[in-house]
Amino acid sequence: MAGGGGSSGGVSPLGPAPPMWYHRDLSRAAAEELLARAGRDGSFLVRDSESVNGAYALCVLFQKHVHTYRILPDDEGFLAVQTSQGVQPKRFKTLPELISLYLNPSQGLVTTLLFPVEREEMAVSDDRDYSDGEDEKPPLPPRSASTSTSPGPETPTESSPAANGLSTISHDYLKGSYALDLEAVKQGASSLPHLNKTLVSSCKRLNGEVDKVLCGLEILSKVFDQQSAFMVSKMIQQSVNQGGDQELENLVTKLAILKDLLSSIEKKALKALQDMSLSSPCSPPPFSMRHSKAIPVQAFEVKLDVYLAELTKIGKSQKYTLSVDVEGGRLVVMKKVKDNQEDWTTFTHDKIRQLIKSQRVQNKLGIVFEKEKDKSQRKDFVFASAKKREAFCQLLQLMKNKHSNQDEPDMISIFIGTWNMGSVPAPKSVASWMLCRGLGKTLDEMAVTIPHDLYVFGSQENSVCDREWVESLRVALKEQTELDYKPIAIQTLWNIKLAVLVKPEHENRISHVGMSSVKTGIANTLGNKGAVGVSFMFNGTSFGFVNCHLTSGNEKIGRRNQNYLDILRLLSLGDKQLSSFDISLRFTHLFWLGDLNYRLDMDIQEILNYINRKEFEPLLKVDQLNLEREKNKVFLRFAEEEISFPPTYRYERGSRDTYVWQKQKATGMRTNVPSWCDRILWKSYPETHMVCNSYGCTDDIVTSDHSPVFATFEVGVTSQFVSKKGLPKSSEQAYIEFECIEAIVKTASRTKFFIEFYSTCLEEFKKSYENDTQNSDNINFLRVGWSNKQLTTLKPLLSEIEYLQDQHLLLTVKSVDGYESYGECVLALKSMIGSTAQQFHTYLSHRGEETGNIRGSMRVRVPSERMGTRERLYEWISVDKDETGGPRGRPSVVSRMGHEYVKPSVVRKQLGELGKVSEEAERSSKEETAARPKQDGPDGGDSISKNSFNNPAYYILEGVPNQSAAAISPELLPSPTSSNPPAAKVNPPSAGVRTKPPAAPSGPLHLRRAAAGPPARTITEEGSSEDDGGSCVAGAQGGGAGSTLNRPPPDFPPPPLPKGALEMVTEAPFNKPRPLYPDLAEVRIPPAAPGGPLALGEGFRRGGGMALDDQSCSVLQMAKTLSESEFGGQPPPRAPSAPPPLRGQPMGAGLDACRTFPPRNPITESIAEDMPEEALWGSSSSSLSVGESSVGEWLQRLGLEKYEQGLLHNGWDDLEFLSDITEEDLEEAGVLDPAHKQILLESLRQQQK
């Protein structure tokens, strides 16, 4: 239906043909943009209403503002413009009649309708979208209909032919055979043979279906209802060779038996099972549970990572073996001592306190053991590879989970696979796909055998019928895991399939299963392209999965983008109460997979050269999906793991050695360049746990021109919370209170707004009153605000903190005139819990597009008697807070938050003060706007996207006349303040690279913060919180992965630097003169006013997402911070006695960052007590005194920098540590040349002298 027209009669509300000013389901934002381009008062268009099905929205431009009027159908199907209360509406049969009235002046609208804005018709040729150039015409849908049982827009493909067939048979009888029966009756016949024949033909299919059902029920009948079983068996035997009159009579009898059987079998089965339970109360465990595969003991060869000062204490032996016994719940730490003797210590699962992953050295792991009560010891181990470290962590997590006392899991593992099968059945074995073996980021062999909790298989061009496909997946999984996985959903649209299977032990934890599909093929009516979706609840966590096949063709980027937006809007999944939100906000975790068909914009020969050299970075920079995501055109705030495998399309079938990129078509030669068409992305609510452990493709499945792609995820889940204290009394009730909210909305409308609040912790959704403040300095944007009086207090269903910290609040900003959403967002309650109000700030989106931002102040009050909580299993692993450099590329540990979300910090001022900050922002210049940085994604840190709401350039609508930077709302721009340290010179940028200004402007930091950084981010990045009016709590946010609540900011100036601090920096020896750095004495730390906004230096924020271990302002820490900011992820020394050299980084940035933190003890007693003082603060005989500050610089001086990677990989990341290296160690690190070994050892000996 074109517009969901409201008429129930025969007359279409659109008239004989839809008028050109009617734009169907055009979005509100797109309508405003079209009117802005028209630019004349009285320009108008009509679109479908986004809030009421069957209604319309009349949009009129007047004085550069868009006014929206709702056109509603009444019970009789007449249309009328919604009027004020008491005003009689004028009713019309059709939309053109209604519009013709308002083309006349003085009809009650803000202006007369003068200039219709016509819709842009799509070119017919653009609709020719077949299958990746393989077929001349679209493939026919499969013969078997969709097995989806969910109500939805898609009806089974067989229903229409069946209906048409029946009507044809009936029509033929009435046209011909009816007369023969009439003649027979006239001659005295007592039967109607021709009608009987017609009915038998019509019911032939029904007869077969009834036989199938009866055969299936026969087995149940034999077990629970012997009498019915005899009748069923007899009826099946009788029906074998019957025809004519008896066949129809027999069908009626069978239907009667079927009716009786279905109505009685459940009661009889219940009685039989009750009798069985009384006779045998102890039933054996299910087959699948008894025969689950035991995980063998796994051993890992590691080296102990120690300080030079500790070597004298533990001897020279550094090699250890860590043996993980998952079934027994033990970890054995064994080391070899003299005469081949072994010394080992066994730790039970409850004695392993924490695992601490190093960010800087990807194969290093700290383990905190419990020695005695309240005392612990940390040991750092270096694994053979990062993959081995991850496998070890997964096994220990599995062991912890297996032996915990928790009834419900905190974390599950999910496998997701996508494969375009090329209309060819799968090979006999797809084990490499299920076990994540192949190219890219793969699992270690010790981890591949661990069964995942959920398996999700998406396929395209899959010609196998549903039942056969699911059965083949179940059999393959049983071969690999010895578990009988249960299918919980299979949804199909033509040859696009999505199958979800779950571990048998989790089957009862799955509920609210939903399925849906959307066609995006030719004219959005063919299902050769489109999407299928499945959603469900796993205990208290909602999951959504979308498998899509988008438009093919190198040049059809716009069509693919539109496919995505259509699927996002039309896929009917999840909670129906959340219909105001698109599916990207309806689920705690949403996974989007499939053949997205985005290609590479590069010459074919260049692409092939890069692939041959395994250089993927240049190709990823021209990947259409990456480019469209950077523009915020698609997949807003979705994440994708770093791609480290070759393009998965278009291979020669039967081989993975050759790409076939040309095909002769009737229209000419078609080029399909090798591309990453097959992708897996995800989006999670803020402050949830999500880690991608693998992302790659197989290299041995060659039946299709696409390679199967796989990914595995570690996902935090919540249980169905049951309060131990019952429902809260009024004195024990938790409250969600808002002090104020302010939103900046992208719109040319000047209507009033209200906010709707949704959450699973609320009994029903709540609404605020209308906004009480409203202003705009830019016609395309509107600032609206709600004070405390306009905002309602929300009462959660349960008041326990353990329940509330897992809850989220969904907000939608709606207009009073049309009740349409202008933007939605999600907030985590976890960081809002406390007696002090917390500040939040995040983006608004609608229909997949960014529409503004929203900020405010709120708190979640929890009564003291309900404050008890526990540590989650995924909080047991953290990231080393001393390691701040961060690796290059997108790290494996991603943000807890899933998508961009500025974590709240403690509010020090009322929102009234926010206006003051905004006023300061008005003094910023256009030059600063132009100088905004854009960082490359993979290098960690945030990057600013062209259309980010944080970027003032976003606030200029493209194509709108008379718009310039001067028209940008001044509140949206940052302003420099006198509190900034002096700027230092920076190295000149390379050609074409946009660089960061030398001095970071302060002011409203959340408007400066990059919005669309690389999706997979380090945990420490999530902590950077920037809000105006509040203080900025940087990096650590309480330290590490497990901590999410903020510490209060300092209300006092930081202590003065130690007297020796300046000497420590100025005396640090450098190899080369470094005139670019300002003298530390010239850098002043201005006193921080109590509660004032504390700016986080730009240089600090570029430091690879770092978290400071202590919050002191020691020069050691400051120098370390500056070094890591500058080196961008290179490992600094572990315990330097002097700060490492700096490279072009303004010293002020580090000071600015340092003063953000209140001082406290730098190292906790539980860990420090086992380390000598020299190990903590560095030995006086440190080899740093020779002039090099890192292994890399030392090797560079010797001309042997090619060995740096091997040494770091084996844990030799510290010059102090290198003094004990042996020839054997050098060989393990890849130094095989005897001459080079001699040079390295001689250099170390000289340095020791």
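**Buried residues and cores in a predicted model**

Biologist: What makes F591 a contact partner of residues distant in sequence, and which are they?

Modeller: Contact means heavy atoms within 4.5 Å, and, leaving aside neighbours within four places in sequence, F591 is in contact with I414, I416, F543, G544, F545, V546, L681, W682, M690, F713 and V715. The model is predicted, so local features need pLDDT of at least 70 and side-chain atom pairs count only at pLDDT 80 or more, while totals for chains, interfaces and linings use all residues. Residues are numbered from 1 along each chain as its sequence is written, and side-chain values use heavy atoms, with hydrogens and water left out.

Biologist: Why is C548 called buried?

Modeller: Buried means under 20% relative accessible area, exposed over 50%, and partly exposed in between (1.4 Å probe, protein chains only); C548 has a relative accessible area of 0%, and therefore counts as buried.

Biologist: Why is C465 called partly exposed?

Modeller: C465 has a relative accessibility of 32%, so it counts as partly exposed.

Biologist: What makes a set of residues a nonpolar core, and which members of the largest one touch the most others?

Modeller: A nonpolar core is a set of buried Ala, Val, Leu, Ile, Met, Phe, Trp, Tyr and Cys residues joined through side-chain atoms within 4.5 Å. The largest has 52 residues, of which I414, I416, F536, F543, F591 and F713 touch the most other members. A second, separate core of 35 residues includes F738, I741, L798 and L811.

Biologist: How many disulfides are there, and how do you know?

Modeller: A disulfide is a pair of cysteine sulfur atoms within 2.5 Å, and by this rule the count is 0.
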